[in-house]
Amino acid sequence: MTIDEKVRKTLKELEAKTPDEVNNLFAGVIAAVESERQKLVTRGTADESERERLAKELRDRWLARKSGIISSIDECWLKTAPKELKPAVGRAFNELRKASAVLETNELLKAIPLKRRGKRQGELIFSADAGTSKMGGRDLTLPGYRRPLGSVHPVTQVMREIEDIFLGLGFSIESGPEIESVYYNFEALNIPESHPARDDWDTLYVNSQVLLRTHTSPVQIRAMEKHGAPLYIICPGKCYRHDNPDSTHATMFHQVEGLAVDTDISFADLKGTLDFFARKFFGEKIRTNFFPSFFPFTEPSGDLAISCVFCEGKGCRVCKESGWVEVMGCGMVHPEVLRHGGIDPGRYSGWAFGLGVERFAMMKYDINDIQLFHQGDARFLEQF
Ligand SMILES: [Zn+2]
């Protein structure tokens with residue numbers, strides 16, 4: 001109910017039956033007096049005539065003899081008050097009259113500042129009179145707006161941590177386009193058009209020959225073409241899949257892939273490097289296990305599992321009671337892929353791996369929903 005509606009009802013209609021309830025009603029009215037006055041004072045006026053007009057309007061709204069709010073309270077609240085409430089209403093009404101004296105026209109004229117718009121848009125120049133007025137001037141000693149400091153996104157933090165470990169091993173960082181050709185994303189990686197693996201990786205096509213990359217592997221081909229062998233690189237970056245979003249799948253996520261090409265590279269190098277990496281990242285207690293797997297671009301292929309970080313290998317819900325959690329795919333680079341990169345598979349061999357950064361971050365920080373990374377919710381992000 002607005003104040004104008006309230007003052008046209010009787011105390012009975014407003015259900016004010018005790019002196020306390022009456023006092024509350026009047027306190028609300030006094031608050032309205034002050035807030036309406038303050039609004040005008042804060043706003044200020046552009047010139048003298050506007051100031052006079054606005055001051056008179058506010059004064060009349062409250063103090064006009066016939067239709068003002070105060071006289072309406074007199075009529076509807078005071079005169080109709082039941083006998084036992086009369087003293088309380090009378091006292092409160094007197095307080096209100098005193099409090100509303102600030103709405104007299106000449107009081108308002110003193111309080112409302114003149115604000116003149118300067119040449120630049122939005123810039124306010126205050127009149128000397130407003131600057132000295134207690135309410136009208138702006139206090140330039142008040143502190144400015146504080147902008148909260150951001151922090152590095154957890155996915156970026158984990159990506160940098162992974163990069164650091166491999167940089168320490170002598171690897172360098174390579175990057176490539178997120179909008180990739182079908183050749184680099186599939187064909188050069190030994191996934192011809194008829195290969196069923198394309199189904200798993202189907203993605204958003206820009207046209208029949210250009211798509212959003214489904215992994216960062218195309219960067220490996222580009223790096224082999226650019227630098228030749230020997231080559232030790234990692235490729236961090238975004239990739240895109242047609243997965244339905246759920247707690248472990250997202251249509252966009254980050255990968256770090258690694259590639260080592262040299263003479264005499266064997267599966268033992270792969271195992272040794274990834275074992276070292278897993279212990280560096282998850283802690284020295286971690287044990288690793290390699291399971292056979294299949295990828296078109298490696299032969300043989302494996303999945304690297306680590307002993308479950310949550311139960312230390314004893315078996316829990318996260319590791320499905322097995323004690324092991326798969327964390328990445330890896331394998332010896334397929335000779336066909338080396339050839340596509342312009343490297344002679346008769347002379348060189350190599351190994352490669354690929355991991356999901358969000359998955360690593362989820363394990364590291366015990367996060368159970370991948371979607372949290374992409375929602376931009378400050379309550380989540382400020383924990384890192
Ligand atoms: Zn477990």
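**Strand pairing, helix burial and domain separation in a predicted model**

Strand 11 and strand 12 are paired in the antiparallel sense through 5 bridges. The model that contains this pairing is a predicted one. Within the pair, G329 has G354 of strand 12 as its bridge partner. Strand 11 also pairs with strand 10, again in the antiparallel sense, here over 8 bridges. In this second pairing, A305 stands opposite E326 of strand 11. Strand 11 is mostly covered, with 7 of its 10 residues buried. Strands of a sheet pair through backbone hydrogen bonds, in either a parallel or an antiparallel arrangement.

Strand 11 (324-333) and strand 12 (349-356) also contribute to the surroundings of helix 14. In this helix, which spans residues 357-365, the buried residues are V357, E358, R359, F360, A361 and M362. The cover over these residues further includes helix 8 (154-168) and strand 8 (252-262). Just after helix 14, D366 adopts a positive phi of about 55°. This residue is not a glycine, and its position is in the loop between helix 14 and helix 15 (378-381). D366 counts as exposed because it has 9 C-beta neighbours inside 10 Å, where the limit for an exposed residue is 12 or fewer.

A further residue with a positive phi is D264, at about 60°, although it is not a glycine. D264 is located in the loop between strand 8 and helix 12 (267-282). With 7 C-beta neighbours inside 10 Å, D264 is likewise classed as exposed. Most residues other than glycine have a negative phi, and most peptide bonds are trans.

Cis peptide bonds were also identified. One joins A229 and P230, with omega at about -5°. P230 belongs to the loop between helix 11 (217-227) and strand 7 (231-240). Another cis peptide bond links E299 to P300, with omega of about -5°. P300 is placed in strand 10, which comprises residues 298-307; strand 10 is the antiparallel partner of strand 11 described above.

An open sheet is formed by 3 strands in the order 4-6-5, with antiparallel pairing. Strand 4 (179-181) and strand 5 (205-207) occupy the edges, and each has a single partner strand, so one side of each is left without a neighbour in the sheet. On average, neighbouring strands of this sheet are turned by 30° against each other, direction ignored. Strand 4 is joined to strand 6 (residues 210-212) by 3 bridges, and the two run antiparallel. At this junction, E180 is bridged to L211 of strand 6.

Helix 4 (residues 69-78) has four named buried positions, I69, I70, I73 and W77. Viewed down the axis of helix 4, these buried residues fall within an arc of 95°, so they line one face of the helix. An α-helix has 3.6 residues a turn, so residues three or four places apart point the same way. The elements covering the buried residues of helix 4 include helix 1 (3-6), helix 2 (19-43), helix 3 (48-63) and helix 5 (86-99).

At the level of the whole protein chain, 15 helices and 12 strands are present. The radius of gyration of the chain is 37 Å, well over the 21 Å that the globule rule gives for 384 residues, so the chain is more spread out than a compact globule. Along the principal axes, the C-alpha atoms fill a box of roughly 105 × 55 × 40 Å. The domain assignment divides the protein chain into domain 1 (3-132) and domain 2 (154-381), and the C-alpha centres of domain 1 and domain 2 are 70 Å apart. Of the 384 residues in the chain, 30% are buried. Among contacts between residues at least 6 apart in sequence, 66% join residues at least 24 apart.

Terms used: Residues numbered from 1 in each chain as written. Predicted model: local features only at pLDDT ≥ 70, side-chain atom pairs only at ≥ 80, totals over all residues. Domains from an automatic or database assignment. Pairing = 2+ DSSP bridges. Axes fitted to C-alpha atoms, helices over the stretch in contact; angles between N-to-C directions. Buried ≥ 20, exposed ≤ 12 C-beta atoms within 10 Å, placed from the backbone. Arc of directions from axis to C-beta. Contact = placed C-beta atoms within 7 Å. Rg over C-alpha atoms; globule rule 2.2 N^0.38 Å.
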